[in-house]
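Biologist: Can you walk me through the empty space inside this one, and then the surface?

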Amino acid sequence: MSKSLSGRRLYRWINFSAGLAIFFFGYDQGMMGGVNTSPDYVRVMGLGTSSYEGPSEGYVVNITEPTKQGGIVSIYYFGTLIGCVLAGSLGDRMGRIKTMYIGCLWIMFGAALQCSAQNIAWMLCARVINGIGTGFLNAIVPVWSAEVATHTSRGAFISLEFTLNILGVVVAYWLEFGLGFVGDGRSQVRWRFPIAFQIIPVIMFMVSLLWMPESPRYLAKIGRVEDARKILHRLRSTDDNDNSSDEKLHHVADQELNDILQVISLEKKHAKMNNYWNMFWGIGSGDLHIARRVQLSIWLQIVQEWVGIAAITVYAPTIFAEAGYGARKAQWLSGLNDVTYMIATLWNVLLIDKWGRRVGLWWGAIGQGIALILAGAFARLLKDNPEKAAQYGGAAAFFVFLYTAIFGATWLAIPWVYPTEIYPLEVRAKGNAWGVVGWSIGNGWLTLLNPIMFNKIGENTLHIFGAVNFLTIPMVWALYPETANRTLEEMDLLFASKSPFVWAEEKNFRKLKAEMEASGKGIGEVVEGAGVTEVLNEDLDAKA
């Protein structure tokens, strides 16, 4: 770890390093879309045939085994589920940096197996191994980022990494589009090289970690308090040599460390909660209400997929094709859609900490719901009126672009930010792993379900996902409290309420904060006191 980096320069390098891992994640997700259109890949895996459609279109694949094709894609999410569960345990035991190294080794092994696959069984095994490594990084990288960031910029810090995530999708798309012109389009390079390419950002990430600091919160948790203090001082310093400013910031860092140590003391009294089973059922968590936080994490990630991003990704090429665009032009439009998707993520970077998580989810759900319903409506009109393909097709394509832009500005990053914030330090890596479990379930489920839905009900699938967007509004309003501009340690105050509803949690949070300010007590003392008070009140009510 380089001792010369501090302040904003250190933040930038941490953000860049974490961004490499998230770039890989986006690339790895986007990569299979192009691989599935490679004639040689389809031949080797026994998924179908290909035919020559002329110089303008080249070789076009015809998938005769869609279930096998979907299975190769979706089994990856089984791997991510295994990986995140393993990483959650290791991350809380070994630290964030070492766990990320282990994940990288899994990924490189899986990528090497994938790019050399000779049959479908080989590919399936490789996809699981690759998914395990991805699950490691998905569970730990956002947690590491959240634990080094300040509470006022934590959302933007992680959201910027997801701009690089979509950059990975863009790079994967255009790389594979270009490789389609190599030879006559039937070369092995068209699919083996893109799979192998993912190793490059992973190696860069591993090298960058040599200079990166361990999470100061993890160090404090395992008793290395002075090391934690030094890292917090570096993180909260200025870039210049203004000693007076640094002294003030170091005082703030010392107070932050004091809050961390108080919370560690509280959480160690609930050490029984520190396994997945007890977390899910809330055993041993007392007034920390861990089971509630687990459910919020899992369902936010599942719902992220059900707001329609997987469906629009699948159906967009069909809309472009039915609008009268040739295969090549439809590919150009899909690639352009990815670029606008990436640019839209910058909106979230700018506003996630100003507007908060709840507002972003609300307005995103409204915009996405409207865009999906209108995209489905114009797709129906396009089918019924093929002579008006230019008008209706153009309108449907516009709402596809609008949907992905709104999703990129809201629902893409927020469901990844939220689980990194709401858990106690004692179980934070395991807690974020629960979020990745939800993401794996949502993604794997819809990867298999989307083709069936589109085959049976066509564009009405978009209407279903549009309706789901509107259903998320009361869900977020009632159950998901605001986390923006609150420290990670204050989350124990926020979730100390026995009621799971936001209005009760916010009222209890204000009460406990006022008690801290009036009495000078720490977070741990206040949370424990609140629990005792609630028990006494219940006993008095029962006797009355």
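Modeller: Terms up front: on a 1 Å grid over the protein atoms alone, a cavity is a set of points where a 1.4 Å probe fits but cannot get out, and lining residues have an atom within 4 Å of a point. This is a predicted model, where local features need pLDDT of at least 70, side-chain atom pairs count only at pLDDT 80 or more, and totals for chains, interfaces and linings use all residues. Residues are numbered from 1 along each chain as its sequence is written, and side-chain values use heavy atoms, with hydrogens and water left out.

Biologist: OK, how many cavities of 30 Å³ or more are there?

Modeller: One. The largest cavity has a volume of about 50 Å³, a volume being the space filled by probe spheres set on the points, joined across faces, edges and corners.

Biologist: Which residues line it?

Modeller: Trp347, Asn348, Leu351, Ile352, Trp355, Gly356, Gly360, Trp363, Ala409 and Ile414 line the largest cavity. Of the helices (DSSP runs of H or I, at least four residues, numbered from the N terminus), α14 (327–355) and α15 (357–384) each supply at least two lining residues. The largest share, five residues, is from α14.

Biologist: And on the surface, what makes the nonpolar patch of about 370 Å²?

Modeller: Ile366, Ile370, Ile373, Leu374 and Phe470. Patch residues have over 30% relative accessible area and no salt bridge (Lys or Arg side-chain nitrogen within 4 Å of an Asp or Glu carboxyl oxygen), and nonpolar side chains are joined within 5 Å. Helix α15 gives the largest share of the patch, four residues.

Note on methods:
On a 1 Å grid over the protein atoms alone, a cavity is a set of points where a 1.4 Å probe fits but cannot get out, and a pocket is an open set with protein on both sides within 12 Å along at least five of seven lines; lining residues have an atom within 4 Å of a point. Patches are made of residues with over 30% relative accessible area and no salt bridge: like charges are joined within 9 Å, nonpolar side chains (Val, Leu, Ile, Met, Phe, Trp, Tyr) within 5 Å. Accessible areas come from the Shrake-Rupley method with a 1.4 Å probe; for residues, only the protein chains shown count as cover.
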